[in-house]
Each structure stands twice: as C-alpha cells, then as structure tokens.
Amino acid sequence: MQGKTGFTVWFTGLPGAGKTTLAKLLEASLRQQRLSVERLDGDEMRHHLTQGLGFTREDREENIRRIAYVAASVTRVGGAAIVAVISPYSQSRNDARGQIGNFVEIFVRCPLSVCAERDPKGLYAQAYRGEILNFTGVSDPYEDPLKPEVIVDTDQESPQHSLGKIIGYLQAKHFL
Ligand SMILES: Nc1ncnc2c1ncn2[C@@H]1O[C@H](COP(=O)(O)OP(=O)(O)OP(=O)(O)O)[C@@H](O)[C@H]1O
Ligand SMILES: [Mg+2]
C-alpha cells in the first residue's frame, strides 16, 4: 500500500494577522477530506511543548525548532501538519523548511495598523502601554518571508477567499 504524501502548511505573520483563524479553517477542510491532520498553534504549544520559553531571539528560535521537529514527524508519516506561529525570523523558518521538505509557507500579510486595530487578545494595547516587552511588530522585529508559497492579504480578503487560495495551491502541487 502506498502511503499518502505528508506536508506541512506553515502560517507566519504578525500577531492578529489571522494565522489561527485560517489554520482552523484549513484543519476543518482537510479533515473533511479524510486527511490525518495535526494543528500546531503557537499559543497552545507554549502551554505544553515549549512551556517556560520566553520571547528573546534565542527562546523564539528554540520554540520554532521544537514545533518544526513535531511538524517534521507528522509530515514523515504522511500526515498534514498545520503550523500557526508568528515565527518572525527568516532563518528559523528556512531551517524548518529544510528539515521538513514538503513545506508550504503561507505569509499571512496584514498591515500592522490593522492588526493593532483588531487586537483580538488585547495584547497590542498592552504592548503600546509598555506592559509587554518584546512584542512582535511593536517592540520586536518581524522579517517578511521573501519567497512564500502563498501570500494571503487578510485586510483585503475574506477568510474563505484566503482558504481557497491555500487549497488551490495544495491541489496544484498534488498534495490534495
Ligand atoms: N481574511 C482573514 N483571514 C483571517 N482572519 C481575518 C480575516 N479577516 C479578518 N480576520 C480577523 O482577524 C483576526 C485574526 O485573529 P487570529 O487570532 O486568527 O490572529 P493570529 O495571527 O493567530 O494572532 P496571534 O499571533 O496573536 O495568535 C480574527 O478576529 C479574524 O476574524
Ligand atoms: Mg494565533
């Protein structure tokens, strides 16, 4: 029996850009297609796999390394890993790409002002008041992906439209 080809869909973008929203939509869609899916969300990971890590460059890199390790394992056994983490550093994302192989990077693009306006968790307000340090976009860098497989502009598209672009890419590459 030939196994399915595993792959990782890696969502990167500013806080509030829409990574978790789109990752959940993609998860539901792939499950409906009977794929084995594992969604690895930054917030949840930091409560389990990477508990205790902070937001220095070193800790962010370690956070990504561990998540990439799990995503690589899921991919290797033919599953679909859906990763939704800010992952602000190009180097870390490229290391993950190299390790995982079938790597689909989605740049969840949204202007900082729109993300800060949405502020779904109230964290931008806290960061601007100086109550949170090292907050990506406000007091910590975010390096835009240079060659992502897909770019979604969440200030201009509906989540369903963004999802359609991602599914379309996965179909074109015969992952679905
Ligand atoms: N096209 C779109 N795609 C995704 N989210 C959108 C879109 N348009 C509007 N939104 C809204 O933007 C917000 C994005 O919040 P979400 O928690 O998904 O961001 P996030 O990138 O996971 O942030 P964080 O890094 O803090 O976890 C939601 O309230 C969502 O409804
Ligand atoms: Mg999120």
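In this predicted model, helix α4 is followed by G101, a residue whose phi is positive and lies near 90 degrees. The helix that ends before this glycine spans residues 90-100 and lies across strands β1 and β4, running at about 155 degrees to β4.

Which residues of α4 are buried? They are S92, R93, A96 and I100, where buried means under 20% relative accessible area. Because these residues cover an arc of only 100 degrees around the axis, they come to sit on the same side of α4. What they pack against is β1, β4 and the helix α3, which is formed by residues 57-76.

The strands β1 and β4 that α4 lies across belong to an open sheet of five strands, whose order is β2-β3-β1-β4-β5 and whose pairing is parallel. At the edges of this sheet stand β2, residues 37-41, and β5, residues 150-153, each of which pairs on one side only. From one strand to the next, the twist averages 15 degrees.

Another helix, α1, made of residues 19-32, packs on the sheet as well, and it touches β1, β2, β3, β4 and β5, with its direction making about 165 degrees with that of β3, the strand of residues 80-84.

Within the sheet, the pairing of β1 with β4 can be followed in detail: β1 comprises residues 7-12 and β4 residues 103-109, and the two pair in the parallel sense over five bridges. Along this pair, V9 stands opposite V104 in β4.

Definitions and conventions. Residues numbered from 1 in each chain as written. Chains lettered and ligands numbered in written order. Predicted model: local features only at pLDDT ≥ 70, side-chain atom pairs only at ≥ 80, totals over all residues. Heavy atoms only, no water. Pairing = 2+ DSSP bridges. Helix = DSSP H or I, 4+ residues; strand = E, 2+ residues; numbered from the N terminus. Axes fitted to C-alpha atoms, helices over the stretch in contact; angles between N-to-C directions. Contact = heavy atoms within 4.5 Å. Buried < 20%, exposed > 50% of the residue type's maximum accessible area, 1.4 Å probe, protein only. Arc of directions from axis to C-beta.
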